[in-house]
Number of protein chains: 4
Amino acid sequence: MDLLEFTPEPAELAWTFGGAPPVRRVKPGTALRLWTEDAFAGSLRSTTDLASASLNMPFVNPQTGPFYVEGAEPGDTLALHFVELTPARSWGASATIPFFGGLTSTDRTATLQDPLPERTWIYEVDTANRTVGFQAQGSDFEVALPLEPMLGTVGVAPAAGEVRSALVPDMFGGNMDTPEMRAGATCYLRVNVEGALFSVGDGHYRQGEGESCGTAVEGAMNVVLIVDLLKTPGPVWPRLENDEYLAVIGSARPLEDAWRAGQVDMVNWLGSLYGLDKLDAYQLLSQVSEVPLANVVDANYSVVTKVPKRLLPPVTAYDGIHQQLRTALS
Amino acid sequence: MDLLEFTPEPAELAWTFGGAPPVRRVKPGTALRLWTEDAFAGSLRSTTDLASASLNMPFVNPQTGPFYVEGAEPGDTLALHFVELTPARSWGASATIPFFGGLTSTDRTATLQDPLPERTWIYEVDTANRTVGFQAQGSDFEVALPLEPMLGTVGVAPAAGEVRSALVPDMFGGNMDTPEMRAGATCYLRVNVEGALFSVGDGHYRQGEGESCGTAVEGAMNVVLIVDLLKTPGPVWPRLENDEYLAVIGSARPLEDAWRAGQVDMVNWLGSLYGLDKLDAYQLLSQVSEVPLANVVDANYSVVTKVPKRLLPPVTAYDGIHQQLRTALS
Amino acid sequence: MDLLEFTPEPAELAWTFGGAPPVRRVKPGTALRLWTEDAFAGSLRSTTDLASASLNMPFVNPQTGPFYVEGAEPGDTLALHFVELTPARSWGASATIPFFGGLTSTDRTATLQDPLPERTWIYEVDTANRTVGFQAQGSDFEVALPLEPMLGTVGVAPAAGEVRSALVPDMFGGNMDTPEMRAGATCYLRVNVEGALFSVGDGHYRQGEGESCGTAVEGAMNVVLIVDLLKTPGPVWPRLENDEYLAVIGSARPLEDAWRAGQVDMVNWLGSLYGLDKLDAYQLLSQVSEVPLANVVDANYSVVTKVPKRLLPPVTAYDGIHQQLRTALS
Amino acid sequence: MDLLEFTPEPAELAWTFGGAPPVRRVKPGTALRLWTEDAFAGSLRSTTDLASASLNMPFVNPQTGPFYVEGAEPGDTLALHFVELTPARSWGASATIPFFGGLTSTDRTATLQDPLPERTWIYEVDTANRTVGFQAQGSDFEVALPLEPMLGTVGVAPAAGEVRSALVPDMFGGNMDTPEMRAGATCYLRVNVEGALFSVGDGHYRQGEGESCGTAVEGAMNVVLIVDLLKTPGPVWPRLENDEYLAVIGSARPLEDAWRAGQVDMVNWLGSLYGLDKLDAYQLLSQVSEVPLANVVDANYSVVTKVPKRLLPPVTAYDGIHQQLRTALS
């Protein structure tokens, strides 16, 4: 398998999905060893670095990419299999950002209240124990939390000529911020433009479901992934497969619409995989789905609809590409 | 430990939280062995029983109760520990109901479209294998799904003199429809009226998170629970504890408000359990919470914010009552 | 025409829709001369009376009623025609209430921010000029605003045995808080229980659309209304007719659902008045409706869908009862 | 005053805000006489032209522009004063589009129901009587409705390098679909990129508030406007001034967030115009605002917060540019 290594220079980082020239061309079936900058572009390095002084919103989530996938045409299915996600720094950072996050008013959920105070937390990575250290600032509480690396942003260039901020998740993927996007997952995205122009970034050393304060344990990441292409119709919403689950990620506002979009897509997927009509697939989904939140903080919110493989008869999705890719580098 | 057995006559069922006279008085520390009718009041017994002919909406979710808890006063904490939930019939039922459910327009999310077709599914209970059988109607697909009994409705009389339909979840509990309400869980509810007047019902033999079509595998249930009372301030929103998690269940519309309400309550709970200030508790929650949906189909939607005990230092909530009750009958 | 006068003693005020015994029985065709207390139960009388010290939330919006309408049966249409609304005090009051209102976080749209500061404004009524005086507190700005009396709450006992706080609008009417509920308007409500059990209250000397801060210029009101009854099917949502408009008031969350509910009901109303099929009524509504917000602050939000009579051919709604009642006392 | 005339060739139409090269450069203080294509790109010309066969969603709302305004820099205020809007065709069109509109499920508010039937309505323009003719298709009802020309889309290139579909309203303006955007109005927009790159389109011969079915009486339009520039800080959300009102247009989901965003901006505007502190401005707004819906059908919803000038002391906004421009061509 071909292997492409790429670490972007700061000036090569992309801040949007769409609208940026490709940094490299890759053939389907290539493995990529990438470095991704953290969501803050590395600007929060100590607890005295506060967001309002250090960040230039909405310029966060710098992307590694985009990559031009040879042969990818609108309507195709792009498959990205994540082989390995490893912290690329010895610390991660999280912060409250004025009027950003889930438990504060924002520029849309606007109120007249003062913003929450700003605070930055630095999490030391303990490689041996595979933990990150939370250290309270208002007391001496501390706790080591398991390292669970994931990527907040994975996406392609949007349809219809749009260019979207890397803060936004939508049908093209983007800032979905779900802990499901970890090593072992294969993400399926519909190609909207020639070459697909996918990019990845926004590594999290760990994240709760919902990403309550708007920032995870943000950290630079070493990413190994395999890119592949299927000439079959791409999904409406980003889909995800790992050894245990099939999943769809819907992104919208209000939150129930993010859920509805992903659920309807899963009804269609179950229907086609198992030959179920719409009502039977709806009924089956009602009794088997697991539905963790991804984020309730970005410009669109994201909800994951998961179906556990263990509950249903074995089935092959997308020509079995997940099964192939999961062992391709081993 | 005192044990009270109670199986309601059909005329004794309650259809609201608040507004019904108590069926029994119980002392804190009593075990109750109850029978609960299913959400459809037993009226869907074959695939030819359709909802529009058999149901009289919103008269669903008949309650076993209310029970008057001696000594319970407004502001107290009622604790209900679920010891055992066992199917009381050999079959469960699920159905699409016109303009009810998550992937259809409703009386609020109103559109001009025709309703989805009605269909009723009957799930046979296989006691030996502890499964329920899904049988597609548009094809010959069938699958046995694990039996995972839970209660859709658990609640007390509301505050401020309100009487609420058993279809609605809110601060008083009610129709939260979360799979977390299973044997092994202790539910904490704030008492709003003298005697608390709690009731339970709406047994589900299993349910996916979100309860997509609006109905789980609905079934009559044998319920063993222990009721207890703490003279400490009750929680704003229903809380839940089991051996693995602390949880809060927020219910509101839109779905993000259900999430916000439960999250803020959890920030407060974590803060008081671990001596964290508001920002530190917010930050910690952001990295550790698990947030499954409960329902996106009832008059209010419900979201569960869970904190895994394994990630945090040991702590005792509500005077350790969960630990006491979980072994009280063994 | 019979005339009933009624001024409730403080102990006779009702705080819910449903759940209170009738204060009087009236025959259809009776005029009522009523006095209503203000939303704060008269407790905010100077700028030093602050909400948190003076109010006991949610005990606001005390109701004058309920009235038992003889002959009213579930499913009927109750018609309430407002003849005259006159301030019953020389001052009105408005206030910011902690975590209540549209531009603050609330108990549902919960955040971790501090509440807005509390402030109470007193508006002097200038009877000669028919104005109320706004006086800024942070500067010496002042302005006289036109007196435009209206009622915030008009409703009947809810269906299905529910009892609802007088803070909540829903299908039964209640706290809709729309400036359209003024003298000259006829409100149509579906009867849910024998006798209908309607009540009115929450007088506003004026209110902007949306009631942004959660409180209008709240004031005690002298109300003259005529009650009538039609043995025709009552509307799903409260409807309103005046000389210029037909209107439907939908109440729900999120705000788009309040809009959808009222719009669908108006499509049905236009369809039946003009013999239009569903699509034609939808199209016509799309080009003629006026849609002011009512409130975005209560437990449900309310939106008014209005159709201007001047744009459409003359038509008679509800047997022409509005035209009869509007001149019945002149 | 300089006058620029411009009628785009079909290939010159723009389909996005941002991302298109300017068609002309203009100096501040220039009058433009423009022709705009209708939202359907002229493809619906008879009742037998149905949307699914004739439209290529989301390629609607073709724009006339963008225009590069000389001297415009990020942060400035662009002022567009609409002098005259005149139908450029003798007919307008409206249609139901599958899964698009307010009273149907959509790609976000997704359900499993079938779409509403498609139908196209053609409205003949009666220039003498200044009406457009509605003709029902399911019956012989017909009615002439007043011609009230307006523009659905007015906007500039977005911030942060984004390119957005002309279907979307947001901070940059865009598809706000409010009847307030008519002759006599001055629209204020914050400049995000050098030259501002504004465009206009989506003429409506009339539209109800909310644009229920998703399409107004869509028609090609002759537009006369004056463009001007102020080197003062541009507004967060699009603002609008006419002889009777000051207004802010917020766009977001859910609908209450569109309202909140515009309301907070209006609190700030009132505060700065009248020297009111935040709480006084909030209180005053609560009693004087008029809040019609604009649209509940686009990718974001839009709500207009209006303050009637007649209620408040005279004041000059944006250096009185509205007063100057409204008579500049007379």
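Mentor: Contact here means heavy atoms within 4.5 Å. The model is predicted.

Trainee: Which residues does Phe198(A) touch, not counting residues up to four places away in sequence?
Mentor: Take the glycines and the proline of the list: Gly65(A), Pro66(A) and Gly155(A). Phe67(A) is there too. The other partners of Phe198(A) are Leu32(A), Val69(A), Leu78(A), Leu80(A), Val156(A), Leu225(A) and Val227(A).

Trainee: Which residues touch the most other members of the largest nonpolar core?
Mentor: That core holds 189 residues. Nonpolar side chains tend to be buried together in soluble globular proteins. In chain A, the residues that touch the most other members are Phe82(A), Phe198(A) and Leu225(A). In chain B they are Phe82(B), Phe198(B) and Leu225(B).

Trainee: How many residues are in the other core that lies apart from it?
Mentor: This second core includes Phe198(C) and Tyr274(C). Cys213(D) and Val217(D) are also among its members. Its count is 188 residues.

Trainee: How much area do chain D and chain B bury between them?
Mentor: In this contact, 14 residues of chain D meet 14 residues of chain B. Carbon and sulfur atoms carry 57% of the buried area. The total is about 1,000 Å².

Trainee: Which three residues supply 50% of the area that chain D buries against chain B?
Mentor: No other three residues supply more. The trio is Leu103(D), Leu112(D) and Gln113(D).

Trainee: How many residue pairs are in polar contact between chain D and chain B?
Mentor: Salt bridges between the two chains number zero. On the side of chain D that touches chain B, seven residues are nonpolar, five polar and two charged. For polar contact, with both residues at pLDDT 80 or more, the count is six residue pairs.

Trainee: What relation does the rotation that superposes chain A on chain B have?
Mentor: The rotation is 180°, with 0.0 Å of shift along its axis. The RMSD is 0.0 Å. Therefore the relation is that of a two-fold axis.

Trainee: Which residue of chain A comes closest to the rotation axis?
Mentor: The distance is taken at C-alpha. It is 2.1 Å, and the residue is Pro292(A).

Trainee: Why do the copies D and B meet through the same surface?
Mentor: A turn of 180° and a shift of 0.0 Å along the axis lay chain D on chain B, with an RMSD of 0.0 Å. The copies meet through the same surface because the interface residues of chain D are also interface residues in chain B, at 100%.

Note on methods:
Residues are numbered from 1 along each chain as its sequence is written. Chains are lettered from A and ligands numbered from 1 in the order in which they are written. This is a predicted model: local features need pLDDT of at least 70, side-chain atom pairs count only at pLDDT 80 or more; totals for chains, interfaces and linings use all residues. Side-chain values use heavy atoms; hydrogens and water are left out. A nonpolar core is a set of buried Ala, Val, Leu, Ile, Met, Phe, Trp, Tyr and Cys residues joined through side-chain atoms within 4.5 Å. Buried means under 20% relative accessible area, exposed over 50%, partly exposed in between (1.4 Å probe, protein chains only). Buried area is the accessible area (1.4 Å probe) that two parts lose on being put together, summed over both. A salt bridge is a side-chain nitrogen of Lys or Arg within 4 Å of a carboxyl oxygen of Asp or Glu. A polar contact is a pair of N or O atoms within 3.5 Å; within protein, one must be able to donate a hydrogen and the other to accept it, and residues adjacent in sequence count only if both atoms are side-chain atoms. Ala, Val, Leu, Ile, Met, Phe, Trp, Tyr, Cys and Pro count as nonpolar, Asp, Glu, Lys and Arg as charged, and the others, Gly among them, as polar. Copies are superposed by least squares on the C-alpha atoms of residues with pLDDT of at least 70 in both.
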